[in-house]
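Student: Please take me through one part of this structure closely, and show me how its pieces pack against one another. I am new to it, so explain each term as you go.

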Amino acid sequence: MEQFQIETAQNISIHQNTAHLGERMLAYIIDSFIIWVYVVLMFLLLITMDIDIEDMWALYLVLNLPAFLYYVLLETFMDGKTVGKSLVHIRVVKLDGSKPNFSSYVVRWVLRIIDVALSSGGVAVLTILLRGKGQRVGDIAAGTTVISEKKRVSIKDTLLSDLPEAYIPKFPQVTVFKDREMQTIKDLYTSAKRNGDHNVIVSLSDRIKKVTGITTELRALDFVDVIIKDYSFYTQQL
């Protein structure tokens, strides 16, 4: 699973997992099946109606507008998802991690003609494989990508950390934090450490000291690390 880096408005680096090509293809198959079933049902419905052939085709086109607009409508109103994407746990987002606007969804939808319809998906597959951010042509034009919302959970992804058997905590003040707050601290610390973003770690250190009232000579990097371990220690004692 590839990752791409986004920068938030607070200049904090966050990594997102791009959706596997297989996940996107599975979502496409599910969505295509739903569209096909809808179109067939509308056709069968019209056959049972006693109307002229000209009126039938006009009504058929009208009834199939939801199928025609399937992707743009569902992605707009389902936060970047279709039924298929929802079942596979993938979602469309902007490259900066924000929610795409309606025009972004429209651009993706229009360029689906090139990506999927005219090339039987060949252009989309080739572009996704060549691009490092999991983008097809429509995504490149719209400034979007498709991410996976699945998370691989390990002990490093939770509040608990591996601690030595004889570990002695230094700052009992960490218990003022809630689990959700400490998880955010750990996520930001891990991301900043991986990316070498020292400013984020210093900001975390300053914020922790302000909330807890702790004074220490430890470096920001070491201090935040100890805070996370101490919280893990006290959590495991509960």
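Tutor: Let's begin with axes: these are lines fitted to C-alpha atoms, for helices over the stretch in contact, and the angles between their N-to-C directions run from 0 to 180 degrees. Helices (H or I, at least four residues) and strands (E, at least two) are DSSP runs, numbered from the N terminus. The model is predicted, with local features needing pLDDT of at least 70 and side-chain atom pairs pLDDT 80 or more, while totals for chains, interfaces and linings use all residues. Residues are numbered from 1 along each chain as its sequence is written, and side-chain values use heavy atoms, without hydrogens and water.

First, the setting. The protein has 11 helices and four strands. Of its 238 residues, 37% are buried (under 20% relative accessible area; exposed is over 50%, partly exposed in between, with a 1.4 Å probe and protein chains only). Among contacts (heavy atoms within 4.5 Å) with a separation of 6 or more, 64% join residues 24 or more positions apart.

The part I would like to explore is helix α7, which spans residues 122–130. Its buried residues are Ala124, Thr127 and Ile128. These three sit on the same side of α7, because they cover an arc of only 100° around the axis, taken from the directions from the helix axis to the C-beta atoms. An α-helix has 3.6 residues a turn, so residues three or four places apart point the same way. On the face of α7 turned away from the buried side are the exposed residues Leu126, Leu129 and Leu130.

What lies over the buried side? The cover of the buried residues of α7 includes α1 (21–47), α6 and α8 (137–142).

Thr127 is a good residue to zoom in on, and it lies in α7. Thr127 counts as buried because its relative accessibility is 14%. Leaving aside residues up to four places away in sequence, Thr127 touches Gln135, Arg136, Val137 and Ile140. Take Val137: Thr127 and Val137 are 10 residues apart in sequence, and their C-alpha atoms are 6.7 Å apart in space.

Just before α7 there is a loop, and Ser120 is found in it, between α6 and α7. Ser120 is a residue other than glycine, yet its phi is positive, near 55°. Ser120 is exposed, since its relative accessible area is 70%. A second residue with a positive phi is His89, at about 65°, and His89 is not a glycine either. It is found in the loop between α5 (83–88) and β3 (90–94). With a relative accessible area of 41%, His89 is partly exposed.

Now let's follow two of the helices that cover α7, starting with α6. Helix α6 (residues 102–117) packs with helix α4 (residues 70–77) at an angle of about 155°, and their axes are 9 Å apart. The pair is therefore roughly antiparallel (over 145 degrees; under 35 is roughly parallel, 65 to 115 roughly perpendicular, the rest oblique). The crossing of α4 past α6 is right-handed: the near helix is turned clockwise from the far one by less than a right angle, whereas anticlockwise would be left-handed. From α4, the contact uses Tyr71, Val72, Glu75 and Thr76, which meet Phe102, Tyr105, Val106, Arg108, Trp109 and Arg112 of α6. By class, this contact has six nonpolar, one polar and three charged residues (Ala, Val, Leu, Ile, Met, Phe, Trp, Tyr, Cys and Pro are nonpolar, Asp, Glu, Lys and Arg charged, the others, Gly among them, polar).

Next comes α1, which also has helix α2 (residues 53–63) as a partner: their axes come within 10 Å and cross at roughly 150°. So α1 and α2 are roughly antiparallel to each other, and α1 passes α2 in a right-handed crossing. On the α1 side, Tyr38, Val39, Met42, Phe43, Leu46 and Ile47 meet Met56, Leu59, Tyr60 and Leu63 of α2. This contact divides into 10 nonpolar, no polar and no charged residues.

Finally, here is another helix pair. Helix α9 (residues 179–195) and helix α11 (residues 220–236) pack at about 140°, with axes 11 Å apart. They are therefore oblique to each other, and α9 passes α11 in a left-handed crossing.
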